[in-house]
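Here are some exercises for getting to know a new structure. Each one sets a task and then works through it step by step.

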Amino acid sequence: MDFSKSEILYKEALEHIVGGVNSPSRSYKAVGGGAPVAMERGKGAYFYDVDGNRYIDYLAAYGPIITGFAHPHIAAAIKKAADNGVLFGTPTPYEVQFAKMLKEAIPSLDKVRFVNSGTEAVMTTIRVARAYTGRDKIIKFEGCYHGHSDLVLVAAGSGPSQLGMPDSAGVTKAIANEVITVPYNDVEPFKQALEKWGDEVAAVLVEPIVGNFGIVPPKPGFLEAINELSHKAGALVIYDEVITAFRFMYGGAQNMLGVTPDLTAMGKIIGGGLPIGAYGGRKDIMEEVAPLGPAYQAGTMAGNPASMLAGIACLEVLQEKGVYENLDRLGAMLEKGILEAAEKHGVTITINRVVGAFTVYFTGEKVENYKQAEASDGELFGKFFKLMLKQGINLAPSKYEAWFLTTAHTEEDIAETIKAVDYAFLHLKG
Ligand code: PLP
């Protein structure tokens, strides 16, 4: 495969855009470096780079593109917005229609607000929880990513009974001191943190199914314990469903798992590919938000008609019969094929899959928390990534990301992908 135009474009990008990319995860730093492939257009499960190469895509733009690229129903909705005015700065019927759809799908949402990104959605749920409880601290889980607002760019202290450390330059120690980070899927350290700081904790922030150190489901009882212990301590529970909402079923991971948070943050899929975020939850908590209450949150672009119409159209596609069954069926097929290829070539892997999303870890251990994901072989993943790319299969360039199936993938795509995996595993050790 010839990548020369991507390489030239990357050199030029480096001159003008910091690091040559508009989001650090797009660089190939974690997979041995090189010019990231630049895409020109996409249709269905495929996209095409500036050199004219075709790829079967499993990145799905880090999750939003669950219907594949340029889905005709979503494209028509975006065209409607383009023709009728993309922004008014006034209420519109589309935001009301969309809010109703989200509420019907996720019953814990008494009231919602639209924002422009997952980052904003999570950031605001924390502010609202602080306003409601009058407390300052939050507890989060190691390895979970919640966007790039200051409060959630905090890493674990050196033990469960320590406060966090800034994970990025520019995040102050004072902010990190408000954050406690404990391991995912382990109730004991969480309990200890609450014993120490329980009466200062405004909220516990958790991905109900992790998507950010690969796909990691909660152990039975873990989320229930979080709910119970948090509420006992007077803290709210926030689910970050930016990746998980509408990923595994029509609704949130909370519907699937039968657990209920106080507040939920969403993004990605609900925008049909356009910028979006949304948060919502219990009415008495949401009424803290301006103009009803003292917690301020606003946005020039919030609820813009283009994102609303694209989001409505995307959910309409996901309401079609058999969508999630098909994602699960293709996911199982791909998982089986990858495991068989690994066995054939003596490559040690672990796969965590939930419906149409999964992660292939180069480790023989179970992956139930961040430390286990971290211990998987990143160098081997880097080689695997490049071997797949050269065969026209696009994955996320990091061992911590997921493969996302879309409604556009077919059995033929899965078969082609398994063949590529077989070749990659054969050549991995060389
Ligand atoms: N929360 C989770 C779980 C995410 O995975 C992400 C992004 O990957 C975010 C929040 C931030 O969303 P955005 O990139 O739209 O700001």
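**Exercise 1. Find which residues are closest to the ligand and describe the shell around the ligand.**

In this predicted model, 15 residues surround the ligand, and the closest are S117, G118, T119, G147 and V242. Next, look at where the shell comes from: helix α4 (residues 118-133) supplies the largest share, three residues. Finally, sort the shell by class: five residues are nonpolar, eight are polar and two are charged.

**Exercise 2. Locate K268 and decide whether K268 is buried or exposed.**

Start with the record: an unreviewed UniProt entry lists K268 for "modified residue: N6-(pyridoxal phosphate)lysine". Now find K268 in the fold, in the loop between β11 (263-267) and β12 (277-281). Then count: 27 other C-beta atoms lie within 10 Å of K268. The cut-off for buried is 20 or more, so K268 is buried. For its contacts, set aside neighbours within four places in sequence; G63, P64, G118, V242 and I243 remain. Two of these, G118 and V242, also appear among the residues closest to the ligand. Last, check the backbone: phi of K268 is near 45 degrees, a positive value in a residue other than glycine.

**Exercise 3. Work out where the largest nonpolar core lies relative to domain 1 and domain 2.**

The core has 126 residues, and A203, V204, L236, I238 and A278 touch the most other members. Helix α10 (residues 305-318) gives the most to this core, with eight residues. Both domain 1 (4-70 + 321-428) and domain 2 (72-318) contribute residues, so the core lies between them. As background, nonpolar side chains tend to be buried together in soluble globular proteins. For a closer look, take A278: leaving out residues up to four places away in sequence, A278 touches L102, V112, R113, F114, V115, A121, M266 and I270.

**Exercise 4. Place D49 and list what D49 contacts.**

D49 sits in strand β2 (residues 46-49). With 23 other C-beta atoms within 10 Å, D49 is buried. Apart from neighbours within four places in sequence, its contacts are S6, V37, A38, M39 and E40. Of these, S6 is 43 residues away in sequence, yet the C-alpha atoms of D49 and S6 are 7.7 Å apart.

**Exercise 5. Identify which residues the cis peptide bond joins, then examine the phi of V355.**

The cis bond joins A290 and P291, with omega about 10 degrees. P291 is in the loop between α9 (283-286) and α10. V355 belongs to the loop between β13 (350-354) and β14 (357-361), and its phi is near 50 degrees, positive although V355 is not glycine. V355 is also buried, with 21 C-beta neighbours inside 10 Å.

Key: Residues numbered from 1 in each chain as written. Predicted model: local features only at pLDDT ≥ 70, side-chain atom pairs only at ≥ 80, totals over all residues. Core = buried A, V, L, I, M, F, W, Y, C linked by C-beta atoms within 7 Å. Buried ≥ 20, exposed ≤ 12 C-beta atoms within 10 Å, placed from the backbone. Helix = DSSP H or I, 4+ residues; strand = E, 2+ residues; numbered from the N terminus. Domains from an automatic or database assignment. Contact = placed C-beta atoms within 7 Å. UniProt positions renumbered as here; feature names shortened; annotations may be inferred. Near = placed C-beta within 6 Å. Nonpolar A, V, L, I, M, F, W, Y, C, P; charged D, E, K, R; others polar.
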